[in-house]
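Here are some notes on the structure, set out as numbered points for reading beside the coordinates. They begin with a single side chain and widen to the whole chain.

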Amino acid sequence: MVSILRTLSTATTSLLPRARGAYIYNKLMDSPSNASVGRSQRLLALAQHLRQYKAPTFPEDIVEQTIEETGGKVVSQVGFPESATPISHHPEKFRPKKAAVLICLFEDDDGDLRVILTQRSSKLSTHSGEVALPGGKAEEGDKDDADTAKREAKEEIGLEPELVNVVTVLEPFLSKHLLRVVPVIGILHDKQAFKPVLNPAEVEAVFDAPLEMFLKDENRRQEEREWLGEKYLLHYFDYKVGHNKYLVWGLTAGILIRAASVVYQRPPAFMEQNPKFKVPQVVSKDTVMR
């Protein structure tokens with residue numbers, strides 16, 4: 001890896017939890033996975049492991065201060081657009097709106113961790129037909145990011161909140177429309193209890209994929225982009241379920257790469273190239289990343 005990426009990889013590895021829970025989980029991953037008891041033990045160990053992960057915080061007062069003092073905000077990750085919209089003549093100070101997505105994990109019969117994903121409705125005005133994690137914008141009644149993610153998952157795919165054991169949150173990502181997105185990791189202990197009920201206005205399909213896929217270089221391609229003078233890589237993962245083919249890319253792919261790195265305690269087998277990006281001091285509601 002080049003020097004800038006080596007620094008990022010070191011930083012990523014240093015953020016991964018090194019707890020006894022993780023050691024127990026890794027040992028149990030090597031044990032037979034046919035019995036439900038074994039699955040329960042592994043998931044409990046995974047929950048213990050993830051609860052000890054502490055994501056870097058981005059308090060709103062620090063964000064405001066940084067904007068005022070430096071004319072920009074530094075973020076850890078970004079989402080990537082297909083096109084750009086010019087800034088309007090009446091820009092406003094940058095205050096990102098909040099959103100949260102649910103990374104809902106469960107074990108299959110072979111003991112492999114899988115994550116629940118959706119395909120957005122083709123009738124939506126933005127990101128139509130794209131693969132996404134359940135989630136959306138925060139609402140006034142939400143207590144926290146976990147509440148937002150679980151509420152949205154219930155509305156989109158009928159996932160009852162009580163079925164999901166939230167264990168940690170990751171650092172915020174920035175979407176193409178400069179939306180501050182917090183990934184919430186939750187564990188679904190009883191997959192059979194989840195009976196999907198899709199909201200056709202938002203979701204066309206729900207499926208699951210192996211989490212470890214997002215650490216591997218198989219079925220992956222990349223494209224170099226640039227934002228405010230900073231180059232980065234846009235990752236695309238091809239995934240097939242039966243006769244259905246899905247493409248996981250952009251913000252969703254970036255979040256899942258990070259989640260898999262935390263869960264499996266290792267960096268991906270490819271270069272992420274996610275340098276820090278500065279966001280302009282003034283943006284409009286129509287501003288998107290290029």
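1. The charged end of R220 sits over the ring of F270, at 4.2 Å from the ring's centre; please keep in mind that this is a predicted model, here and in the points that follow. R220 belongs to strand β11, which covers residues 220–227. With a relative accessible area of 16%, R220 counts as buried, because the cut-off for that term is under 20%.

2. Which side chains make polar contacts with the side chain of R220? One is the side chain of D217, at 2.7 Å, and another is the side chain of H235, at 2.9 Å. If neighbours within four places in sequence are left aside, R220 is in contact with H235, Y236, F237 and F270, so that F270, whose ring lies under the charged end of R220, appears in this list as well.

3. A second charged residue is placed over a ring elsewhere in the model: K191 lies over the face of F106, 5.1 Å from the ring centre.

4. On aromatic pairs, a search of the whole structure finds five. F207 and Y246 form a stacked pair, with 3.8 Å from centre to centre and 10 degrees between the planes. This pair links distant parts of the chain, since F207 is in strand β10 (residues 203–210) and Y246 is in strand β13 (residues 244–249), 39 residues apart. Both F207 and Y246 are buried, and ring pairs join these two with Y239 into a cluster.

5. Y236, named above as a contact of R220, forms a stacked aromatic pair with W249, at 5.6 Å centre to centre and with 5 degrees between the planes. Here too the pair links distant parts of the chain, with Y236 in strand β12 (residues 230–241) and W249 in strand β13, 13 residues apart. Y236 is buried, as is W249.

6. Y53 deserves a separate point. Its place is in the loop between α3 (36–51) and α4 (60–70), and yet Y53 is buried, with a relative accessible area of 3%. The side chain of Y53 makes a polar contact with the side chain of R258, at 3.0 Å. Computed along the sequence, Y53 and T168 are 115 residues apart, whereas in space they are 6.8 Å apart, C-alpha to C-alpha.

7. The largest nonpolar core has 44 residues, of which I103, L117, F214 and L256 touch the most other members. At least two residues of this core come from each of α3, β3 (98–107), β4 (113–120), β9 (180–188), β10, β12, β13 and α6 (250–264), and α6 gives the most, with 10 residues. Leaving aside neighbours within four places in sequence, I103 is in contact with V115, L133, L170, P183, V184, I185, G186, I255, L256 and A259. Another core, of 15 residues, lies apart from the largest one, and among its members are L102, F106, I157 and L159. In soluble globular proteins, nonpolar side chains tend to be buried together.

8. Finally, the chain as a whole: the protein has six helices and 15 strands, and buried residues make up 49% of its 290 residues. Among contacts between residues at least 6 apart in sequence, 70% join residues at least 24 apart. The accessible surface comes to about 14600 Å², and 50% of that belongs to carbon and sulfur atoms.

Key:
Residues are numbered from 1 along each chain as its sequence is written. This is a predicted model: local features need pLDDT of at least 70, side-chain atom pairs count only at pLDDT 80 or more; totals for chains, interfaces and linings use all residues. Side-chain values use heavy atoms; hydrogens and water are left out. Rings of Phe, Tyr and Trp (its six-membered ring) pair if their centres lie within 6.5 Å; planes under 30 degrees apart count as stacked, over 60 as edge-to-face and the rest as tilted. Helices (H or I, at least four residues) and strands (E, at least two) are DSSP runs, numbered from the N terminus. Buried means under 20% relative accessible area, exposed over 50%, partly exposed in between (1.4 Å probe, protein chains only). A charge sits over a ring if NZ of Lys or CZ of Arg is within 6 Å of the ring centre and within 35 degrees of the ring normal. A polar contact is a pair of N or O atoms within 3.5 Å; within protein, one must be able to donate a hydrogen and the other to accept it, and residues adjacent in sequence count only if both atoms are side-chain atoms. A nonpolar core is a set of buried Ala, Val, Leu, Ile, Met, Phe, Trp, Tyr and Cys residues joined through side-chain atoms within 4.5 Å. Contact means heavy atoms within 4.5 Å. Accessible areas come from the Shrake-Rupley method with a 1.4 Å probe; for residues, only the protein chains shown count as cover.
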